[in-house]
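User: I have a structure open and would like to learn how to read its features. Could you walk me through a few?

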Amino acid sequence: MTATIEFFPVGSGDMTLVRLASGKTILIDINIRGNADKENEKDFPDVAAMLKNRLDRQNGIPFIDVFMLSHPDQDHISGLQNHFHLGAPSLAEEADNEKDQKILIREMWSSPLTFRRAKKEDTTTPNAEAWKEEAKRRVKMFKNKEQGADEDGNLIRVLGDDIEHKTDGIERLLVKTGDVFNEICREFDDTFSALLLAPKFVTDAEEADALAGKNNTSIVIQISLASKSGEPLETKFLTGGDAEVDIWKRIWNRNKDQPEKLGYHILQTPHHCSLGSLSSDSYNDRGDQKGKGEQCVIDEEAHKALSQAENKALIIASMDEPERESGRGLARRKYTDIAEGQDGKMRVTMVDCKDKPLKITITGSGPDLSGAKTARAVPPKVEKANPEGGYA
Amino acid sequence: MLQGSGSEIDRYSSQLSSWLRAHFEDVRSLPSTTLRLYEQKGIVAGWQIHPYYSLWALYILIDEAFPHSHIHIAYVGEDKHLRWPHVEKHGYLCLPPDGWRPIEAFDISPQERINRALKLLEDCQSKQYIKSESEREFVSYWSQASKKKLVSLIDLANPNSRIMSGCSLGGELYVGETDRELSRWTTNYGLGSSGTKVQAIFGFIETPPSLPLPKNGNQYVTRLFDQLPSRSVLLKSIDPSKDTLIVLAVRRSEGIGIIGALIGGVQLHGPGRRTAKKRNKRQAKKNAVKQYGFPAHYVRQIWQSTSSFEALKVYRCDSAWVHGRGLDVQHRPLAESRVVAIGAGSLGSQVAARLAEAGVGTITIIDPETIAPSNVGRHELGMNSLFESKAKALANQLTYHYPHGHFQGRYNNWEWVVRNESNLFYEADLVVSCVGEVEHDLAWDSCIRGLALKVPTVFGWLGTQGTTGHALAITPQSPGLSCVFDQDGALRFPDTDFQDNRQAKSEPGCGTEFQPYGPLAVGQVELLVTRLSLDLLTGNAAAPEHRIYCCSTSDLNELGGYWTIRHQERRPDGYEGPFEYKADVTQCGKCFRCEAA
């Protein structure tokens, strides 16, 4: 009943498990690399096993309430087919051994734009195709009002409008950019709310070209969390997949009148702390283009979008340790400045917690990195009168 | 089985999971293979946790009633089943109930249960704790360690150590006070009386067994049997070559607990070369044994060294346990009571059955009729007794239900029984007459004066359409039934009146008349009559006494009746529900009894 966020040690990639105070789980991206599934790969922790151990089971099958895919890049969707059940939930079964056990996704949160706004040279992986097919299956069930469409394992929520009115008829499933929602698996949950900040469907062809590329279709979302059931939604978690500088600029411009919409107590640095989210410049040489090194210009608007940190904010970069003299190194320093400016902290998953998920507990006084368990002594017993035994 | 994400159990299970993960290290959801170990407890989901402040890992388990039920907890590790108190198979911890449910205090209850579990495990490290706790629930631990059953009819009110009667029948063991009692019980129970006799001993000891329980004859004898008073005398009657049943009782503050054991018989003489000298010596021993029995120390020694030992789970089937779990202070007077029940119709059969259920030891049922299909809807007996004598079938059923009791049926009218077995009435403590026909009851009322019976009679009957019920206790010396009814067989002071006097119905095309009341009306009067009967048997009431049950005004009006002025004087002001009252039993001054007086 205490909310937590865990960042899995997946190198430079994302895999984040949010457990709401209601107990519901939201998995944001996975990067279960091949080596992580092998035995004795100590640099590649077995994150699939870690995840399964953290999930509850139904009929012996571990399940996640929500799987949100920020965008279909390999470092955000690796391991989908190997570790998740795709297809009708009735076909999910308990495996003979834990390694082969697949996880049931009760509800998908998926953005159709992530599959549309790709550059021509972008390729989709089998895992991304599998996600797309599964999302289609679920949407089709809903559209056709098929039996079981509203059952766990067939549920989907569509984040963001699609082209050519393709989301017409599924308004019940649709969350438009700028909307706030607080339903999980078709049930109202008072321990969280989510504000969808991106992707935003653009009609202007030129602008669409400028934003082409999977990274720029990433879902950017601000999740507000209650520390416990019944408590206010005070803790904000901002996560934005691999959204790059152009997206953050636009998000800022759309919301600069209400900067609290970008406020956070916890920020997952976009694109694993890539400088590309803060600057249009390249740190290192890239082809003929000369890298600007430490002279890279930090985009003011993007920086503003990512620096609405609350007091004692935690900024988490899900990445390997970067070299100091690198784009990531520079970005890390920028984020550290943002965090420390608010008396907060910056942490890097593969540096600060490389063998197990980096865990943040949402307490009444904000996020807590210490991971201290809060088990208490036996509470005083409530004195009650001797009631009449109602049953023989 | 957990239901979908919208169900209450799923929602609270998620909350519990979240709470566990926030409070404990390395929380893992349990796979079905582990959950199956706790199938009998109704477990549907679980997690393994490892409290950082403890040495022990725990399984936190929930059943289908969660969150209306508490979490269950099992200890993960070497199975301490039957070595630690309150630890069952697969480490399942038997935690005492407490005063709240998770749904009431979700953030307190699981923590409190987990702390209790850890406290229990910590306590189990102390030998003293293991001893005192296991002694406190010794019957339970002994039973868990037992595979075989022993049915006991032992009278625990007798505190003396003594030789009992035992037998083995159909793979089960039985022990009672005498061979006759045992054989009657097994016959009544439908097993016959052809069991193999087994020698048996019973007695009280001071200190109950504690964990770990005895594993062999030596441990059993030195730890438990050696506490038995007069054991040396009892052992003289025991042949160590035969199996012996031993039942030991321990008096606790909450009552008496008993445990059983079977000590296996052993072959006393092995093969060997028989010389004349040896033969003579052996013969001399045999003669001594024949005359004096085996020496006590010899039997004890064999039990310690060679005999097999098996713990037995004792099922108390003695009357005191069956009719009140040993707590009913009225049990003995009831068990020794003799009741004659005249009439085994809809009311009489139920009253007789309730009296037997309450522990009345001897009931003779008299009724000249057989069960008809139309009786079954409001009778104690069912279709399986169709066309059988009501009296005999009911006695047989009671005998099967309570094999320790004495129940007999007489397929005849009471006049016949008075002529041929009048001793039944002279020896009885109470006669209950539920004939349901006033002329027969008046005849019995008249007869008891002639017989000079001293025992009271309770008359039970239902008023018109079951709207009222009566339980009237009289003695031959008191005002009688004739003081309550007039010469026409009508109540002198009725509670009800009906516009249509003909309330009885006729079966179609048949002269048989009946009152069309149902089983609920009978049930009310059955309680009234049974309670008065039991009060008389236990000295809580004395004849004459007349108790009357009246239904609600709306029920009466629905049936076309209304309350008489006399009833309205009795009925509490403004109350229209069912109620019960006591009527005075006075001499009418008009009947044959009063005239004779």
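Analyst: Happy to; we will go through strands, backbone geometry and rings in turn. Keep in mind that this is a predicted model.

User: Let's begin in chain B. Why is strand β9 of chain B called largely enclosed by the rest of the structure?

Analyst: The general idea is to count buried residues, where buried means under 20% relative accessible area. In strand β9 (residues 244-252) of chain B, 7 of the 9 residues are buried, so the strand is largely enclosed.

User: Which strands pair with β9(B), and in which sense do they run?

Analyst: Look for bridges between strands. Strand β8 (residues 196-205) of chain B runs parallel to β9(B), with 7 bridges joining them. To find your way in that pairing, start at B:Gly203, whose bridge partner in β9(B) is B:Leu248. Strand β10 (residues 255-263) of chain B is antiparallel to β9(B), and 9 bridges join these two. Here B:Leu245 is opposite B:Leu262 of β10(B). The connection from β9(B) to β10(B) is a hairpin through 2 residues.

User: Now chain A. How many residues of strand β6 of chain A are buried?

Analyst: In strand β6 (residues 61-68) of chain A, 8 of the 8 residues are buried, so the rest of the structure largely encloses this strand. Its pairings can be read in the way you have just practised. Strand β3 (residues 25-28) of chain A is parallel to β6(A) over 3 bridges, and A:Ile28 has A:Met68 as its bridge partner. Strand β8 (residues 103-110) of chain A is also parallel to β6(A), through 5 bridges. In that pairing, A:Met68 is partnered with A:Trp109. Strand β5 (residues 57-58) of chain A pairs antiparallel with β6(A) over 2 bridges, with A:Arg57 opposite A:Pro62.

User: What should I look for in the backbone?

Analyst: Start from the usual case: most residues other than glycine have a negative phi, and most peptide bonds are trans. Then search for departures. A:Asn59 has a positive phi near 50° and sits in the turn of the hairpin formed by β5(A) and β6(A). A:Arg186 also has a positive phi, about 65°, and is found in the loop between β12 (183-184) and β13 (187-188) of chain A.

User: Where are the cis peptide bonds?

Analyst: One runs from B:Phe66 to B:Pro67, with omega near 10°; B:Pro67 is in the loop between β3 (57-63) and β4 (72-76) of chain B. Another runs from B:Leu211 to B:Pro212, with omega near -10°, and B:Pro212 is in the loop between β8 and α7 (217-223) of chain B.

User: And rings: why is the pair B:Phe579 and B:Tyr581 counted as stacked?

Analyst: Check the distance between centres, then the angle between planes. There are 24 aromatic pairs over all chains. For B:Phe579 and B:Tyr581, the centres are 5.9 Å apart and the planes are at 25°, so the pair is stacked. Both residues are buried.

User: Which rings form a cluster?

Analyst: Ring pairs link B:Tyr174, B:Trp185, B:Tyr189 and B:Tyr400. B:Tyr189 and B:Tyr400 also join B:Leu191 in a nonpolar surface patch of about 290 Å². B:Tyr189 is partly exposed, at 36% relative accessibility.

User: Which charged side chains lie over rings?

Analyst: Look for a charged end above a ring face. The charged end of A:Arg106 is over the ring of A:Phe63, 3.7 Å from its centre. In chain B, B:Lys41 lies over the face of B:Tyr92, 4.4 Å from the ring centre.

Conventions
Residues are numbered from 1 along each chain as its sequence is written. Chains are lettered from A and ligands numbered from 1 in the order in which they are written. This is a predicted model: local features need pLDDT of at least 70, side-chain atom pairs count only at pLDDT 80 or more; totals for chains, interfaces and linings use all residues. Side-chain values use heavy atoms; hydrogens and water are left out. Buried means under 20% relative accessible area, exposed over 50%, partly exposed in between (1.4 Å probe, protein chains only). Helices (H or I, at least four residues) and strands (E, at least two) are DSSP runs, numbered from the N terminus. Two strands pair if DSSP finds at least two bridges between them. Patches are made of residues with over 30% relative accessible area and no salt bridge: like charges are joined within 9 Å, nonpolar side chains (Val, Leu, Ile, Met, Phe, Trp, Tyr) within 5 Å. Accessible areas come from the Shrake-Rupley method with a 1.4 Å probe; for residues, only the protein chains shown count as cover. A salt bridge is a side-chain nitrogen of Lys or Arg within 4 Å of a carboxyl oxygen of Asp or Glu. Rings of Phe, Tyr and Trp (its six-membered ring) pair if their centres lie within 6.5 Å; planes under 30 degrees apart count as stacked, over 60 as edge-to-face and the rest as tilted. A charge sits over a ring if NZ of Lys or CZ of Arg is within 6 Å of the ring centre and within 35 degrees of the ring normal.
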